[in-house]
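Let's take a walk through this structure, starting with its charged pairs and working from there. Keep the viewer open as you read.

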Amino acid sequence: MNSNIWILTSANAVTIATTLILAALGALFTERAGVLNLGVEGILLTSAISSFLAADSSGSIWVGLLVGSAVGAVLAGIHAVLTVVLRANQIVSGLALVIFGTGLANFLGKPAEGKTVTTIIQPLTFGPLTRIPVLGPILFEHDIITYGTIAFAIGSAWYLFRTRPGLELRATGDDPATVDAQGLSVARIRIRYTLLGGALIGLGGSWLMLAQSAAWHQAATTNGIGWIALALVVFAGWHPVRLIFGAVLFGFCLRLPFTLQAEQITFIPSAFMQMLPYAATLVALIALSRPGSKNLRGAPKSLGNPFVRDER
Amino acid sequence: MRAPFRIVFEQRSETPKYLSAFVPLVSVLAALLAGAIFLMATGYSVGETYSNMLQDGFLSSRGLTDTLGLSTVLICMGIGAAFAFQMNLYNIGGEGQGYLGMIGGAWAGLALGPHLPSVIMIPTVLLIGAAFGAVWIFVPAFVRARLGTSEIVTTLLLTYIAASLVNHFIYTPNSYFRAPDVTFPMGRTVPDSAKLTALGDTRMYPTFFIVVALALFLFWIVKRTEFGYRIQVIADSPRAAHYAGINARRTTMQVMLISGALAGLGGATLIVGEFGKLDPGITMLGYGYAGIVIAALARNNFAAIIVSGILFSGLRVGGDKLQITTSTPIHIGVMLQGAILLFALGGEAFRRYKIRTVRMQAVAQ
C-alpha cells in the first residue's frame with residue numbers, strides 16, 4: 001500500500017476542510033442569531049466566480065478574496081432583508097438564493113470558462129517542520145487562509161461563549177423576546193450576523209476558487225459543499241471548535257473516493273464511494289436527533305422563527 | 001442617529017382578493033426589470049434577449065408546445081413539493097426522488113415491457129416510478145415523524161446519493177440500464193409498449209393532461225376532504241391538532257410519502273415521454289429544484305401551480321434557445337426564476353401586512 005497517497009489524502013482533507021469550516025462558520029453565526037440561511041451553496045458559487053473575475057482583472061489574489069467576501073455579504077443581505085425586515089419564510093428565501101446564485105454564477109462565469117488564474121496563494125513555509133514524516137505534509141504545508149481559518153474558528157468559540165456580544169448573539173437565537181426586553185434590537189443583531197455569515201461563506205467560496213481549483217467549472221466548482229457545510233453545523237452541535245474536527249472528517253470522506261481509485265481498490269464501485277460523505281452526514285444527522293423534540297442537540301431554540309414583537 | 005420615521009407592519013385580518021393575484025404578477029415584472037438592468041450592466045441586449053425568450057417560450061407554436069411539454073414534469077415536481085410544503089414539511093429532495101422515479105420507471109419498462117401491452121405498461125411504469133420516489137423519501141419521512149430529524153438536509157443529501165446511483169447504473173459496464181451495443185455510456189431505451197407517442201408534430205405527451213388533472217384532484221383533496229382538513233389543522237397549529245386527536249406522526253408519514261411519490265411520478269413521465277430511458281443528463285437539469293420554486297410562487301395552491309409551472313417552463317424553453325438565437329448566456333433563465341421567487345417573497349409581506357411609515361413622535365414611548 002502506498003503510504004504517500006494516504007498522506008496526500010489527509011493533507012487534501014485539511015485543504016477542503018478550510019472551505020467547509022469557513023462556510024459552516026458563516027452558517028453557524030447566522031443560525032446562532034436565529035436565522036436559517038439555506039442559500040450557502042448559491043453564495044459559495046457566486047462568490048467563487050466573482051473572486052475569480054476580480055482576481056483575473058486586477059491580478060491580485062487578495063482583491064479577489066475581498067470581492068468574493070463582499071459579494072457573499074451582499075447576497076446574504078438579500079436574505080436578511082427578506083426574512084428579518086419583510087418576515088418572509090427563511091427556508092424558501094434560502095432556496096431562492098441557491099437558485100438565483102447558481103444562475104448568476106453561471107451567467108457571470110460564461111466568459112471565464114477555460115481561463116485559469118496565474119497567481120496562486122503560496123503555502124507558508126515552516127522550514128524543518130515540513131520535513132517531519134507523515135505529520136509534516138499533513139499539518140505544515142498549507143497557506144495562511146487555512147491557518148487563519150482554524151484560528152478564527154477557535155476565536156469564534158471564545159467570542160460566542162466568553163464575551164458579552166457573544167452572549168447577546170446566542171440569546172437572540174434562543175430567546176429573542178428577552179433580548180428585545182433588554183432594549184437591544186433583535187432585527188439589527190440578526191441582520192449584522194447574517195451579513196457576517198455571508199462574508200465568511202463568500203471568503204470560503206473565493207478561497208475554494210483561487211487556492212484550490214484555479215479554473216472555473218460551472219458544475220464541479222462547489223459540488224454540494226454548501227449543503228455539506230449546513231449539515232456540518234448540525235453535526236458540530238453549533239459549536240465552532242467541534243466544527244474543525246467535523247470538517248476534517250468530512251474532508252477526508254470527500255477525498256477518499258479518489259484515493260481508493262488510485263490505490264485500485266475496486267471491490268467497492270466508485271459510485272458508492274462518491275456517496276460516502278453524503279451518507280455519512282445522513283447517518284450522523286439521524287444519530288444526533290433527539291426523539292420527541294424538533295430541536296437537535298445544541299440548536300438555537302428559535303432558529304427559523306421570525307421575531308415579531310406585537311405578537312407577544 | 002435614528003430615522004425620523006419607522007416602518008410599521010400591521011397584520012391584515014383579511015387579505016383582499018386582488019392582492020393574491022396582483023403580488024405574484026408584480027413580482028414577475030419586477031424580476032424581469034431587475035434582469036433587464038442586469039443585462040444592460042453586463043453589456044447584453046435587453047430587447048433582443050427578452051423578445052427571443054418570449055417568442056421561443058410562449059408565442060411561436062413550436063415554443064408553446066415545447067413549453068407545455070416541459071411543464072408536465074415541472075408541474076408534477078411542483079405539486080410534489082407543495083404537498084409537503086403545505087404542512088410545513090420542507091421536502092427539498094424532489095430532485096433525487098425524481099431520479100428514483102426514472103430508475104423505477106426504466107426498470108419496469110425494460111423488465112415488463114416486452115411481455116405486456118401498452119394499456120397496462122404505461123400505468124405500470126408511472127406507478128412504479130411513483131413507488132420508487134416514495135421509497136426514496138421513506139427514511140427522511142420516518143426519522144422526521146419519529147425523531148424529529150429535520151427533513152430539509154436529509155432529503156437533500158439523498159439527492160446527491162441518488163445522482164451517484166443514476167451514474168452508477170449508466171457508467172458501469174454491462175449494467176442492466178445501459179444500452180448494450182454502444183461503447184458510449186447511455187441508457188437502454190424501453191420497449192415501445194412502455195412509451196407514449198407525442199401529440200402530432202410536437203414534444204407534448206398525453207401525460208400533460210394526466211398531471212394537470214392530478215393537480216386539480218389534489219386541489220380538491222386539500223380543500224374538500226377530511227385528509228386535507230387534517231393537514232391544514234396540523235399546519236396551522238400542531239397543538240390544536242394534538243388536542244383534536246389528530247395523529248400528527250401518521251399524517252407526517254403520509255404527506256411526505258405522497259410528496260416523494262409525486263416527484264417520482266414526475267421522473268417516470270420522462271420515461272414514458274421525452275427520454276424513454278434512464279439518462280444521466282437528468283442530473284444536470286434540476287427539474288426537482290425548479291418544482292420548489294414553482295410551488296413557492298404559487299403559494300402551494302395546486303391550481304396556481306399549473307400556471308406557475310407553465311410560466312417557468314416557458315422561461316426555461318425560451319432561455320435555453322438563447323444559445324442559438326443570441327449571445328446572451330442561457331443561465332439568465334435560471335437567474336430570472338430565482339429573482340422572481342425572491343421578489344415574490346418580498347411581495348408576500350405586502351399581502352400579509354399593511355405597511356405604513358409612522359413619524360417617530362407618534363410612537364414615542
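Which residue forms a salt bridge with Arg62(B)? The partner is Asp66(B), with the closest N and O atoms 3.5 Å apart. Keep in mind that this is a predicted model.

**Salt bridges**

The two residues of that pair sit 4 apart in helix H3 of chain B, so about one helical turn separates them. Their surroundings are worth a look too. Arg62(B) has 38% relative accessibility, so it counts as partly exposed. Asp66(B) is buried, because its relative accessible area is 7% and the cut-off for buried is under 20%. The pair also belongs to a wider network of salt bridges, which links Arg62(B), Asp66(B), Arg203(B), Glu274(B) and Lys321(B).

Over all chains, the search turns up 7 salt bridges. Here are three pairs:

| Pair | Closest N to O distance |
|---|---|
| Arg62(B) and Asp66(B) | 3.5 Å |
| Arg164(A) and Glu168(A) | 3.3 Å |
| Arg144(B) and Glu151(B) | 2.7 Å |

The chain A pair has a helical setting: Arg164(A) and Glu168(A) are 4 residues apart in helix H7 (residues 164-174), so about one helical turn lies between them. Arg164(A) is exposed, with 53% relative accessibility, while Glu168(A) is partly exposed at 21%.

With Arg144(B) and Glu151(B), you'll find both partners inside: Arg144(B) is buried with a relative accessible area of 15%, and Glu151(B) is buried with 3%.

**Chain A at a glance**

How many helices and strands are there in chain A? The count is 12 helices and 0 strands, and reading along the sequence gives α-α-α-α-α-α-α-α-α-α-α-α. Of the 312 residues in this chain, 55% are buried. If you look at contacts between residues at least 6 apart in sequence, 78% of them join residues at least 24 apart. The chain exposes about 12,600 Å², and carbon and sulfur atoms supply 65% of that area.

One spot on the surface to find in your viewer is a nonpolar patch formed by Ile132(A), Leu135(A) and Leu139(A), which together have about 230 Å² of accessible area. Leu135(A) lies in helix H5 (residues 135-139) of chain A. With 45% relative accessibility, Leu135(A) is classed as partly exposed.

**The nonpolar core**

Now for the inside. The largest nonpolar core has 192 residues, and the members that touch the most others are Leu20(A), Trp227(A) and Ile305(B). Helix H3 (residues 61-85) of chain B gives the most to this core, with 13 residues.

Setting aside neighbours within four places in sequence, Ile305(B) is in contact with several residues, including Ile75(B), Ile79(B), Ala82(B) and Ala298(B).

Trp227(A) turns up again around Leu156(B). Beyond neighbours within four places in sequence, Leu156(B) contacts Trp227(A), Ile92(B), Gly93(B) and Tyr289(B). Leu156(B) is part of helix H6 (residues 151-171) of chain B, and a relative accessible area of 1% makes it buried.

**Other buried side chains**

Is Ser259(B) buried or exposed? Ser259(B) is buried, because its relative accessibility is 0%. You'll find Ser259(B) in helix H10 (residues 248-272) of chain B. Leaving out neighbours within four places in sequence, its contacts include Gly80(B), Phe83(B), Asn91(B) and Gln97(B).

Glu348(B), in helix H14 (residues 332-352) of chain B, is also buried, with 15% relative accessibility. Not counting residues up to four places away in sequence, Glu348(B) touches Val23(B) and Arg299(B).

As for cysteines, the search finds 0 disulfides over all chains. Cys253(A) is buried with a relative accessible area of 16%, and Cys76(B) is buried at 0%.

**Two backbone oddities**

Most residues other than glycine have a negative phi. Arg87(A) has a positive phi of about 60° although it is not a glycine. Arg87(A) sits in the loop between helix H3 (61-85) and helix H4 (90-109) of chain A, and it is buried, with a relative accessible area of 13%.

In chain B, Asn300(B) also has a positive phi, near 60°. Its place is the loop between helix H11 (287-297) and helix H12 (302-320). Asn300(B) is partly exposed, with a relative accessible area of 21%.

Conventions: Residues are numbered from 1 along each chain as its sequence is written. Chains are lettered from A and ligands numbered from 1 in the order in which they are written. This is a predicted model: local features need pLDDT of at least 70, side-chain atom pairs count only at pLDDT 80 or more; totals for chains, interfaces and linings use all residues. Side-chain values use heavy atoms; hydrogens and water are left out. Patches are made of residues with over 30% relative accessible area and no salt bridge: like charges are joined within 9 Å, nonpolar side chains (Val, Leu, Ile, Met, Phe, Trp, Tyr) within 5 Å. Accessible areas come from the Shrake-Rupley method with a 1.4 Å probe; for residues, only the protein chains shown count as cover. A salt bridge is a side-chain nitrogen of Lys or Arg within 4 Å of a carboxyl oxygen of Asp or Glu. Buried means under 20% relative accessible area, exposed over 50%, partly exposed in between (1.4 Å probe, protein chains only). Contact means heavy atoms within 4.5 Å. A nonpolar core is a set of buried Ala, Val, Leu, Ile, Met, Phe, Trp, Tyr and Cys residues joined through side-chain atoms within 4.5 Å. A disulfide is a pair of cysteine sulfur atoms within 2.5 Å.
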